[in-house]
Amino acid sequence: MSHCGPFQREQFCDSVTRPSLLSPAPSFARRRACAGTGGTLDSRSARTAHSPTTPQPSPAARRAQRPPPAPLTREAENAPEAAGSGEPTGTRTGGGRAPLPAAPGTARSSCSEAPGCPESCRQGLSGIAGGAPRLGPACCCGKSMSASCPPLIRHFSSVTGAPAAFSVSGAGIPSICCPVIKNMVLQSLKNCLWLSCVLRTPKACFWSTASGGLIIQSVSNDVYQNLAVEDWIHDHMDLEKQHVLFLWRNSPAVVIGRHQNPWQECNLRLLRQKNIKLARRRSGGGTVYHDLGNINLTFFTTRKKYERMENLKLIVKALKALRPQLDVHVTDRYDILLDRQYKISGTAAKLGRTSAYHHCTLLCNADKFVLSSVLRSPYKGLKSNATPSVPASVKNLFEEDPSLTSEILLDAIAKEYAVQHQMDHHITLINPADETLLPGISNKAKELQTWEWVYGKTPKFSVSTCLNMAYKDSVVDVKVNMDVKHGRIEVCNIDLPEQWLPPRLYSELVKGLIGSKFCPNETTTLVTTLLRVCPQDDELHSRWNLLCENMIRLM
Amino acid sequence: MWAPRSISSTRRGRARKFTDKHEWVSVENGIGTVGISDFAQEALGDVVYCSLPEVGTKLSKHDEFGALESVKAASELYSPLSGEVTEINAALADNPGLVNKSCYQDGWLIKMTVANSAELDELMTEDAYEKYIKSIED
C-alpha cells in the first residue's frame, strides 16, 4: 500500500474502523479529571489505563461546602503516588504532575455488613484492596441515586456513565453502614483537597496547581468540543507556570484554517451527503481532514516559549524511538515528511496575548479515499484572498508499518514529551463536556458550530461562472456573478437570455438572493417561496427549477 | 544591534504611542491610526492575511479587533484604545505584505475615533517602547 493517492490537499483522514480512543493504552496510566470526583478514577494500578465506559472505582467525595482542611497548593503538590497509600509522600522533585489524588484505601477490610447494605456495596468493598470500591447500581446508603444525593456524586455519575457507589446523605459524613467506606471518604479527602478548590474556583484549581507539564487527552471525538478545549486552555490557563500537551482525535471532519474559504477548500456537497462535519479552527494554516486514524497534538506554551520546530522534532524523535527505521523529518515549512516525499503531518498555530499554541496532525491510518474526495472542491470561478491550502501527497504511517496504531503513536509522543519536560508519564483524560472542570466550554463549542463562525467568517469572495443549462434541445448559457461577504450574497448578477423568465420573477429572485446566506438550504427556501406566487405554468416552473437548481449547485 | 526598518515619525500632534502588545497608535485630529510595530512584524514573519473589523465597530481598549495570519501563526490584534472604527486599510486585502514592508506608513491597519484620550497617556512613548523591547529581548 505504497501509493499515497493523487496530488492531495493537506488532509489526513482515518478509517472509521479504528479502535476506540478509549481502549487501554499499553504503557500509560490514564486518569480522568472530573471536577466532581476528586479527579482520579482508578488508582488501583498506576500502569493500567482504563476505559471510562466500564464502571470505574470512585474515590469518595464530599459536598463542596465542606471547607478544605489545609492550604490547597501545597497539598496538591504533595499528592501521593497513584497506587500508594493515602498519605502525602512529601514534595515531589522533578517536573510537576497533575494533582490527581490517588484512590484511598490500601488495606483489605470488610464492612461490618448489615443486612441492609446493598449487594453492590458489599461487592464494592471486596474490591477495595489496593483500590476503591466498584460502582454499584445503587447508593451505598441503600437508596438509589436521587435528588438528595449531592450534586457532586450525581455529576460524577453522569460523567462516568456509572452510578456512584454511595451517597453522602446531607452535608455530613455519610451515616452509612460501612465504616470502611467512611474511612475511605476521609482518607481520600485528605488527598482530594484540590477538589474543594475546584468546586470553589473550578477553572483555577485543576489547571493551575500543577507546575511543569500536563498531558491531557480528550475522551470526545467531536471536533467542535475538542477545538473548544483548545480555546478554553488558551483563554483560561496560566501557561507561565506550566505547559500542556493536548491529545485528541475526531470522528470524520474537515477543518479549515481561520482565514480560509470552505467553498474553495472542500466539496461541501459531499460533506453534507456523508455527514462529515465542517469546522473552522482559530489558528491559521490550511485545510485538513480528520478522522479517528488521524491524531491531533496541541502544544500550549507562553507566547515567548512558542517553538514549533522543537515540538515537531519531539514528535520525530518519538517516532524514531518507536521505529528506528522510519524515515521521517521536519521540513522548513513545518511539515513532517515520510520517506522524504509524503506528508504525514501539517502544522498550524495561534498566538494570543500571553499564550500560544501550536497544533499539528499526524496521519496514522486514514481513509485516503475519503480524504481525497472531500478535499477536492468542485466549485468553479471563485476568487478570493483567503489563505489557500498547499496540496500535498500524503501517506499513513500504518502503510509504512502496519503495527503502528493511533494509540501506540499517542503514547510514544506523550512519553517523549514527558521525558523532555521532566515530568511523570501521566495522561489525564478529560471530558470536553465537563462544564464544571471547564466552565464556559459548552458556549465555546456552540460558537464553533454556528453558521456565522464556520461560513460567515469566510473572507469576502466573488463567484464568477457560467451555468451551462441543458434545456430542451439546447444549452442556455447563464453568466453568474456574485460577491459574497460574511457568507452572505452582497451582489448578484444573473445574465439570463431576455424573457427566459418573466422579468418580475427574475428581479424577485435577485432581490431575494441579496442579503441571504450563500447556502443551499436558505436558497432552496427562498426559491420555493417565490415559486408559490408564480402562475401555474409548467414551462415556467421547469425553467425556474432548472435555473435554481444550477444556482444552488454553486453553493 | 536592533535597527528599526522604518522610523516612526514624530511630527507635531502625531507622536506615536505603543502598547506592550506591540501595536502603535498615532492620533491626529481626534482620529487614531493603528498598526503593529517593527518588532512585531519581524516576529510575525510574512503576513499572508489581515482580518480587520467592519467600519463602525465599537472597540474598547484591549478588545480583540482582528487577526493577522502569517507563515508563523494566526495572531490576534488588540485595540490600544476605546473608540469606533472609521476606516480600515483596504490595500491590505490584496497586499497584506505591506504590514511587513511599511508597518508605520502604508501598512497601517485601522483608523478609529478616540473615545477616551486619557487612555493615550497609559501607553508607552517611542523611547519607552524601545527600552521595553530591549528588555524582553534579553
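# Two chains and the contact between them

User: Happy to look at this one with you! For residues 31-113 of chain B, how far apart are the end C-alpha atoms?

Analyst: Glad to help; keep in mind that this is a predicted model. The span is 18% helix and 42% strand. UniProt, in an unreviewed entry, places the feature "domain: Lipoyl-binding" at these residues. The end C-alpha atoms of residues 31-113 of chain B lie 5 Å apart.

User: Which strand of chain B pairs with S8(B) over three bridges?

Analyst: Let's take the partners of S8(B), residues 83-88, in turn. Strand S5(B), residues 58-59, pairs with S8(B) in the antiparallel sense over two bridges, and there Lys58(B) stands opposite Glu84(B). The other pairing is antiparallel too and has three bridges, with Glu87(B) and Lys111(B) as bridge partners. That strand, residues 110-113 of chain B, is S9(B).

User: Now to chain A: what share of residues 239-425 is strand?

Analyst: UniProt places "domain: BPL/LPL catalytic" at residues 239-425 of chain A, again in an unreviewed entry. The end C-alpha atoms of this span lie 19 Å apart. Helix makes up 28% of the span, and strand 29%.

User: How much area do chain A and chain B bury between them?

Analyst: In terms of contacts, 21 residues of chain A meet 17 residues of chain B. His259(A), Arg353(A) and Asn385(A) lose the most area on the chain A side, together 39% of what that side buries. Of the total for both chains, 46% is on carbon and sulfur atoms. The buried area comes to about 1,700 Å².

User: Which strand gives the largest share of the side of chain A that touches chain B?

Analyst: Across the interface there are 13 residue pairs in polar contact. By class, the chain A side has five nonpolar, nine polar and seven charged residues. The largest share, three residues, comes from residues 347-351 of chain A, which form strand S11(A).

User: And which residue of S7(B) is the bridge partner of Lys350(A)?

Analyst: Strand S11(A) and strand S7(B), residues 74-78, run parallel and are joined by two bridges. Lys350(A) also has a side-chain link across the interface, a salt bridge to Glu76(B) at 3.0 Å, N to O. Its bridge partner in S7(B), however, is Ala74(B).

User: How many salt bridges are there across the interface of chain A and chain B?

Analyst: Side chains of opposite charge can pair when their charged atoms come close. Over all chains the count is 23 salt bridges. Across the interface of chain A and chain B, the number is two.

User: Why does the pair Asp327(A) and Arg340(A) tie together separate parts of chain A?

Analyst: The side chains of Asp327(A) and Arg340(A) meet in a salt bridge at 3.5 Å, N to O. Asp327(A) lies in the loop between helix H10 (308-322) and strand S8 (328-330) of chain A, and Arg340(A) in the loop between strand S9 (336-338) and strand S10 (342-345), so the pair ties together parts whose separation in sequence is 13 residues.

Key
Residues numbered from 1 in each chain as written. Chains lettered and ligands numbered in written order. Predicted model: local features only at pLDDT ≥ 70, side-chain atom pairs only at ≥ 80, totals over all residues. Heavy atoms only, no water. UniProt positions renumbered as here; feature names shortened; annotations may be inferred. Helix = DSSP H or I, 4+ residues; strand = E, 2+ residues; numbered from the N terminus. Contact = heavy atoms within 4.5 Å. Buried area = accessible area lost by both parts, 1.4 Å probe. Salt bridge = Lys/Arg side-chain N within 4 Å of Asp/Glu carboxyl O. Polar contact = N/O pair within 3.5 Å; in protein donor to acceptor, adjacent residues only side chain to side chain. Nonpolar A, V, L, I, M, F, W, Y, C, P; charged D, E, K, R; others polar. Pairing = 2+ DSSP bridges.
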